[in-house]
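Here are some notes to read with the structure open beside you. They go point by point, and you can take them at your own pace.

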Amino acid sequence: MAIRNIRTEEDPILRKISRKVENFDDRLLMILDDMKDTLIKSQGIGLAAVQIGILRRIVLVRFNDKIIELINPEIIEREGEQIEAEACLSVPRKAGKTLRPKTVTVKAQNRNGNWCIYKGTDLEARCFCHELDHLDGKLYLDNLAPGEKAYFTRDYE
Ligand code: NI
C-alpha cells in the first residue's frame, strides 16, 4: 500500500484515454489499495487511476465515508440537469460550475469482476460524471456551464 503522487493539469497523461481492465488480479488489487490510500490522504471524494499515472478504467468514489470501487464504469442513464461548483485534485486551488445531469445510473465491475449498478443524485451524480470523464481524458474544465469560468479557491489544495 502506498500513497501515490497526483498528476496535475499540465501533465499530458490526463488527456489520454484509459484502457479497459481485463485481468482481475493482484496488480489490480494493488492499484485499488494505492488509490484508496491516496484518496483518503488527499481528502478527495473521487479519484481516477489516470490521476496517479495508471491508464486503466478504474475509479474510486467516497460517499459518506464509504469508498466504492468502480472498474470499467459506464453511465447507463442520465436524468435532469444541475449547475454546481466542482473541483479536482488534479486542478489544485480552483473550482468552477459545470453542467451535469441531476441523477445518473452507473454500471461498473467490482474487484471480483461482478457487475453492479449505482445510482447517484446531486453531488454523487457530479462525482460519477467527473471521475468517468477522467477515463476519457477529460477534465471538468472542459465541461463548464455556459458563461462560467474556473476561479481560485482556498478550499482545495
Ligand atoms: Ni478530477
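1. Let's begin with Cys-129, which lies in helix 2, residues 123-135. Please keep in mind that this is a predicted model. Is Cys-129 buried or exposed? Its relative accessible area is 5%, under the 20% cut-off, so Cys-129 counts as buried.

2. What does Cys-129 touch, once residues up to four places away in sequence are set aside? The partners are Ile-75, Arg-100, Pro-101 and Val-104. Have a look at Arg-78 too: Cys-129 and Arg-78 are 51 residues apart in sequence, and their C-alpha atoms are 9.9 Å apart in space.

3. Cys-129 comes up again at the second largest pocket, which holds about 230 Å³ of space. The lining is made of 15 residues, and the closest to the pocket centre are Ile-75, Arg-78, Cys-129, Leu-132 and Asp-133. Which elements give two or more residues to this lining? They are strand 3, strand 5 (91-100) and helix 2.

4. Now to the neighbour of Cys-129 in the chain, Phe-128. A search of the whole structure finds 1 aromatic pair. The partners are Phe-63 and Phe-128, with ring centres 5.4 Å apart and planes at 85°. Edge-to-face needs an angle over 60 degrees, so this pair is edge-to-face.

5. Why is that pair worth a second look in the fold? Phe-63 lies in strand 2 (residues 58-63) and Phe-128 lies in helix 2, so the pair ties together parts that are 65 residues apart in sequence. Phe-63 counts as buried, at 10% relative accessibility. Phe-128 is buried as well, with a relative accessible area of 2%.

6. Strand 2 leads on to strand 3 (residues 66-79), and the two pair in the antiparallel sense over 6 bridges. Within this pairing, Ile-58 stands opposite Ile-71 of strand 3. The two strands form a hairpin with 2 residues between them, and Asn-64 in the turn has a positive phi of about 50°.

7. Strand 3 has another partner to check. It runs antiparallel to strand 6 (residues 103-109), and 6 bridges join the two. One place to see this is Glu-77, whose bridge partner in strand 6 is Thr-105.

8. A charge and a ring meet at Lys-107 and Trp-115. The charged end of Lys-107 sits over the ring of Trp-115, at 4.9 Å from the ring centre.

9. Back in helix 2, you will find His-134. With a relative accessible area of 1%, His-134 is buried. Leaving aside neighbours within four places in sequence, what is His-134 in contact with? The residues are Lys-16, Ala-48, Val-50, Gln-51, Cys-88 and Leu-139.

10. One of those contacts, Cys-88, takes us to another sheet. The bridge partner of Cys-88 in strand 5 is Val-91. Strand 4 and strand 5 pair in the antiparallel sense, over 6 bridges. They belong to an open sheet of 3 strands in the order 4-5-8, with antiparallel pairing. The edges are strand 4 (82-88) and strand 8 (151-152), each of which pairs on one side only.

Definitions and conventions. Residues are numbered from 1 along each chain as its sequence is written. This is a predicted model: local features need pLDDT of at least 70, side-chain atom pairs count only at pLDDT 80 or more; totals for chains, interfaces and linings use all residues. Side-chain values use heavy atoms; hydrogens and water are left out. Helices (H or I, at least four residues) and strands (E, at least two) are DSSP runs, numbered from the N terminus. Buried means under 20% relative accessible area, exposed over 50%, partly exposed in between (1.4 Å probe, protein chains only). Contact means heavy atoms within 4.5 Å. Rings of Phe, Tyr and Trp (its six-membered ring) pair if their centres lie within 6.5 Å; planes under 30 degrees apart count as stacked, over 60 as edge-to-face and the rest as tilted. A charge sits over a ring if NZ of Lys or CZ of Arg is within 6 Å of the ring centre and within 35 degrees of the ring normal. Two strands pair if DSSP finds at least two bridges between them. On a 1 Å grid over the protein atoms alone, a cavity is a set of points where a 1.4 Å probe fits but cannot get out, and a pocket is an open set with protein on both sides within 12 Å along at least five of seven lines; lining residues have an atom within 4 Å of a point. Grid points are joined across faces, edges and corners, and a volume is the space filled by probe spheres set on the points.
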